[in-house]
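Subject: Handing over the structure

Hello,

Here is the structure I promised to pass on to you. Please open it alongside this email, and my notes follow underneath.

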Amino acid sequence: MTYDTIEITRDDHVATIALDRAENFNTFSTALSRELIEALESVDGDDEVRAVVVEGNGGVLSAGIDLNEHDDFETHREYFDWVEEMERPFRVLTDMRTPVIVGVEGHAAANGLGLVAAADLAVAASDAQMGMTAVNVGLFCTGPGVPLIRTVTEKQALELLLTGELIGAETAKDWGLVNRVVDPDDVHEESMALAESIASKSPVAVQKGKEAFYEAADLEFDKAMDVANEAFATICRTEDAAEGIEAFLEDREPEYTGR
Ligand SMILES: C/C=C/C(=O)SCCNC(=O)CCNC(=O)[C@H](O)C(C)(C)COP(=O)(O)OP(=O)(O)OC[C@H]1O[C@@H](n2cnc3c(N)ncnc32)[C@H](O)[C@@H]1OP(=O)(O)O
């Protein structure tokens, strides 16, 4: 598959998906959203890919939905179908078995910040600016607010959503929106370092563990422990668990197969 608005590259077990509409602030056009969905699903279905980095070309992650498309629609149904497609990447990110790291350079606004909130990990440039800015143009970051409220506190989410103000990388880190703040030149390298660390682990342990983590997060304590213990019992019976433990006891590097 060839893409017009994104680029996919592979480095061993890590896939990088770069939003590639830098001349348009990497905004979500309908085409970009569709291609991002397709790309995320395709790398997630590739057994060779063990971690994914999402970033933006041109020194910016994304300024959200392309506001130029707003006038293309008229009825409630048309706007619903449009936003459903624009926000689908958050559903895909949340459902993916493969861990995703988002790298933030420049701005991450509205849907751009939604990507950060929906990803598993995030790295930000020290001069990055992030906000739920739709309220500044008479709209509201309804969809990006869904992963946001699962990431920060209600008060923090509402401050972003209601004021439309931008926060810096250090505040985003304090609020738990990003894991690491680095020099702007190092965002890609740091994102790759996290991805490579994950890719060095058993993919079956990582995928089943990630799935159980999110499932348990939505459950009350006892049910969450049941989900966690079911997942651990499944992971214990994999070839990778046998290999990982044997390698540890023999003081050598494990060779994981994902089985
Ligand atoms: C459910 C809803 C989800 C959504 O995603 S709704 C979409 C909401 N999106 C936004 O609210 C973002 C709007 N953009 C901004 O707030 C700002 O931009 C930034 C904070 C991202 C950056 O600010 P600065 O560095 O001052 O740049 P600049 O001069 O505002 O923008 C540069 C050029 O980019 C265009 N642009 C920016 N964002 C969008 C967009 N989302 N859709 C269409 N165009 C956009 C501008 O108009 C301008 O263009 P020109 O250079 O021709 O004046």
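Below is what was found, starting with the whole protein and then moving to its parts.

Before anything else, please keep in mind that this is a predicted model.

**The protein as a whole**

The protein contains ten helices and nine strands. With a radius of gyration of 19 Å, close to the 18 Å that the globule rule gives for 259 residues, it is as compact as a globular protein of that length. If you draw a box along the principal axes, the C-alpha atoms fill roughly 60 × 40 × 35 Å. Of the 259 residues, 47% are buried. The protein exposes about 13,400 Å², and carbon and sulfur atoms supply 50% of that area. Among contacts with a separation of 6 or more, 67% are between residues 24 or more positions apart.

**Strand β3 and its partner**

A good place to begin looking is strand β3, residues 51–56, which is mostly covered: six of its six residues are buried. Ala51, Val53 and Glu55 point one way from the strand, while Val52, Val54 and Gly56 point the other way. Strand β2, residues 14–19, pairs with β3 in the parallel sense, over six bridges. To find this pairing on your screen, look for Ile17, whose bridge partner in β3 is Val54.

**Helix α1**

Helix α1 covers residues 30–44, which makes 15 residues. From first C-alpha to last it reaches 21 Å, close to the 21 Å expected at 1.5 Å a residue. Its buried residues are Thr30, Leu32, Ser33, Glu35, Leu36, Ile37, Ala39, Leu40, Val43 and Asp44. What do the buried residues of α1 pack against? They pack against the strands β1 (6–11), β2 and β3, and against the helices α2 and α3 (111–118).

**An aromatic cluster**

The count of aromatic pairs comes to four. One of them is formed by Phe73 and Trp82, a tilted pair with 5.1 Å from centre to centre and 35° between the planes. Tyr79 and Trp82 have ring centres 6.1 Å apart and planes at 65°; because edge-to-face calls for planes over 60 degrees apart, this pair is edge-to-face. Tyr79 and Trp82 both sit in helix α2, three residues apart, about one turn of the helix. Phe73, Tyr79 and Trp82 together form one aromatic cluster.

Which members of this cluster are buried and which are partly exposed? Trp82 has a relative accessibility of 11%, so it counts as buried. Phe73 is partly exposed, with a relative accessible area of 23%, and Tyr79 is also partly exposed, at 24%. The cut-off that separates them is 20%, because buried means under that value.

**A small sheet and the loop before β8**

Three strands make an open sheet in the order β5-β7-β8, with mixed pairing. Its edge strands are β5 (107–109) and β8 (167–168), each of which pairs on one side only. Strand β7, residues 129–131, pairs with β8 in the antiparallel sense over two bridges. Here you can look for Gln129, whose bridge partner in β8 is Gly168.

Gly164 lies in the loop between α5 (154–163) and β8. Is Gly164 buried or exposed? At 5% relative accessibility, Gly164 counts as buried. Leaving aside residues up to four places away in sequence, Gly164 touches Met132, Thr133, Val135, Asn136 and Glu159. If you would like to relate this loop to helix α1, Gly164 and Thr30 are 134 residues apart in sequence and 23 Å apart in space, C-alpha to C-alpha.

**Helix α8**

Last on the tour is helix α8, residues 203–217. It has 15 residues and spans 21 Å between its first and last C-alpha, close to the 21 Å expected at 1.5 Å a residue. The buried residues of α8 are Pro203, Val204, Gln207, Lys210, Ala212 and Ala216. Their cover includes α2 (76–95), α9 (221–236) and α10 (239–249). Helix α2 may be familiar by now, as Tyr79 and Trp82 lie in it and the buried residues of α1 pack against it.

Enjoy exploring, and write back whenever you like.

Best wishes

Conventions. Residues numbered from 1 in each chain as written. Predicted model: local features only at pLDDT ≥ 70, side-chain atom pairs only at ≥ 80, totals over all residues. Heavy atoms only, no water. Helix = DSSP H or I, 4+ residues; strand = E, 2+ residues; numbered from the N terminus. Expected span 1.5 Å × (residues − 1). Buried < 20%, exposed > 50% of the residue type's maximum accessible area, 1.4 Å probe, protein only. Contact = heavy atoms within 4.5 Å. Phe/Tyr/Trp six-rings, centres within 6.5 Å; stacked < 30°, edge-to-face > 60°. Rg over C-alpha atoms; globule rule 2.2 N^0.38 Å. Areas by Shrake-Rupley, 256 points an atom, 1.4 Å probe, with all protein chains shown as cover. Pairing = 2+ DSSP bridges.
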